[in-house]
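Hi everyone, thanks for coming. Please have the sequence and the model open while I talk, and stop me whenever something is unclear.

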Amino acid sequence: MKRDSLIAAVRSCVLHFFKRLLSLVDMWRSLSGLTSRSLSGLTSRSLSRLTSRVLLSGPSPPVGGGEIHAQSGCRLVVGLGNPGMEGSRHSVGMAVLGALAHRLGATDRWRGDKHVSGEVVVSEIHDVHVVLLRPKLLMNINGVSVAKAVTKYNIKPEDILLVHDELDKPLGKIAIKHGGSARGHNGVRSCIDCLQTDVMTRLRVGIGRPAGKTPVDRHVLGRFSEEEREVLSSVLDRSVDLLLSQLAQQHSQSPPPPAGGRPATRQRKERGSPAAQTSNACGSV
């Protein structure tokens, strides 16, 4: 009986998903004045948003057992990327998080958490409880994993640090960006869409643009060359140093959200955004 009920529920969800998908297709067909490339980009973004909405429509993840009582609350550091492609340029954020876990002596503490669709490590830096997260979802829907972690660990969007690749910076260059637009990065866009705010701090790790006629997608999804890997080692060390410095600054002061950032308490039409459900405490695991 329970099995039949489960099958019926799954069937209902699948039917609902495809009904929404068909309605989007009808809408796209009615659009005019778009090039095929623009339409392709619109289709990809719309499907990513729809998929994220479906994945976030289920029950909220349970808060980790008990609470960690810390004056400074809890921080979330996320390495954006594609699962199974950790060695690619597009997943350099995951490589940085691996280097951070190594620096913290927590390499063997990574564990899968189905409630946040990712791998996590809970550690402490400068007396601040920090959750390290590597999403196990595709880059275009990484925001789903981040939104679930925000709910589970009671983290405010302004206490999130996203680590991601940056095409407009050459390999060897890194920089901190406080909030603002996604600047064309699909993983950051997904986080902004799912959290309904753009106040998150970002560590942008340069990977450079492709040389010659190499397509951008092939470049970002490709692996670093042997020559690039020699530079990457230094990049990872400096990225970890910058992350630790940033976390120390957040510990000593809590700056207001950057000017122009969308408010974290903005409500979704379907349900309250994860940002509006958070508190200052950090759930433990």
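Let's start with helix α4, which lies across β2, β3, β4 (118-125), β5 and β6. Its direction is at about 150° to β5. Please keep in mind that this is a predicted model.

How many of the residues of α4 are buried? The count is twelve of its twelve residues, so α4 is mostly covered, where buried means under 20% relative accessible area. If you want to click through some of them, the buried residues include Asn142, Val146, Lys148, Thr151 and Tyr153. Notice that lysines are on that list too, with Lys148 and Lys152 among them.

We can also check the length of α4. Its twelve residues, 142-153, should span 16 Å at 1.5 Å a residue. The C-alpha atoms at its two ends are 17 Å apart, which agrees.

Now step just past the end of α4. Asn154 comes right after the helix and takes a positive phi of about 55°. Why point that out? Most residues other than glycine have a negative phi. Asn154 is not a glycine, yet its phi is positive. Asn154 sits in the loop between α4 and β6, and with a relative accessible area of 11% it is buried.

There is another residue to put beside it. Arg183 also has a positive phi of about 55° without being a glycine. Arg183 belongs to the loop between β7 and α5 (186-195). Is Arg183 buried or exposed? It falls in between: Arg183 is partly exposed, with a relative accessible area of 48%.

Next, the sheet. Seven strands form an open sheet, in the order β3-β4-β5-β2-β6-β8-β7, and the pairing is mixed. Which strands are at the edges? They are β3 (111-113) and β7 (174-178), each of which pairs on one side only. Ignoring direction, neighbouring strands in this sheet are turned by 30° against each other on average.

Let me zoom in on one pair of strands. β2 (residues 74-79) and β6 (residues 160-166) run in the parallel sense and are joined over four bridges. If you would like a spot to look at, find Val78, which stands opposite Leu162 in β6.

A second helix to look at is α3 (residues 92-103). This helix lies across β2, β5 (128-135), β6 and β8, and it runs at about 140° to β5. The length check works here as well: the twelve residues of α3 should span 16 Å, and the end C-alpha atoms are 17 Å apart, which agrees. The buried residues of α3 are Val92, Gly93, Met94, Val96, Leu97, Ala99, Leu100 and Ala101. As you read that list, here is a helpful rule. An α-helix has 3.6 residues a turn, so residues three or four places apart point the same way. And just after α3, Gly105 takes a positive phi of about 70°.

Two of those α3 residues lead us to strand β8. Val205 lies in β8 (residues 201-206) and is buried, with a relative accessible area of 0%. Which residues touch Val205, leaving aside neighbours within four places in sequence? Val92 and Val96 are among them, and so are Val163, His164, Lys173, Ile174 and Val235. Val205 is also a nice case of sequence and space telling separate stories. Val205 and Arg89 are 116 residues apart in sequence, while their C-alpha atoms are 9.7 Å apart in space.

What about disulfides? The count comes to zero. Take Cys191: its nearest cysteine sulfur, that of Cys194, is 7.2 Å away. A disulfide needs two cysteine sulfur atoms within 2.5 Å, so the sulfurs of Cys194 and Cys191 are too far apart for a bond. Cys191 is buried with a relative accessible area of 0%, and Cys194 is buried with 3%.

Finally, let's zoom out to the whole protein. It has seven helices and nine strands. Of its 285 residues, 46% are buried. The protein exposes about 14700 Å², and carbon and sulfur atoms supply 53% of that. Among contacts between residues at least 6 apart in sequence, 74% join residues at least 24 apart. The pair I would leave on screen is Val205 with Val92, which are in contact. Thanks, and I'm happy to take questions!

Key: Residues numbered from 1 in each chain as written. Predicted model: local features only at pLDDT ≥ 70, side-chain atom pairs only at ≥ 80, totals over all residues. Heavy atoms only, no water. Buried < 20%, exposed > 50% of the residue type's maximum accessible area, 1.4 Å probe, protein only. Contact = heavy atoms within 4.5 Å. Expected span 1.5 Å × (residues − 1). Pairing = 2+ DSSP bridges. Axes fitted to C-alpha atoms, helices over the stretch in contact; angles between N-to-C directions. Areas by Shrake-Rupley, 256 points an atom, 1.4 Å probe, with all protein chains shown as cover.
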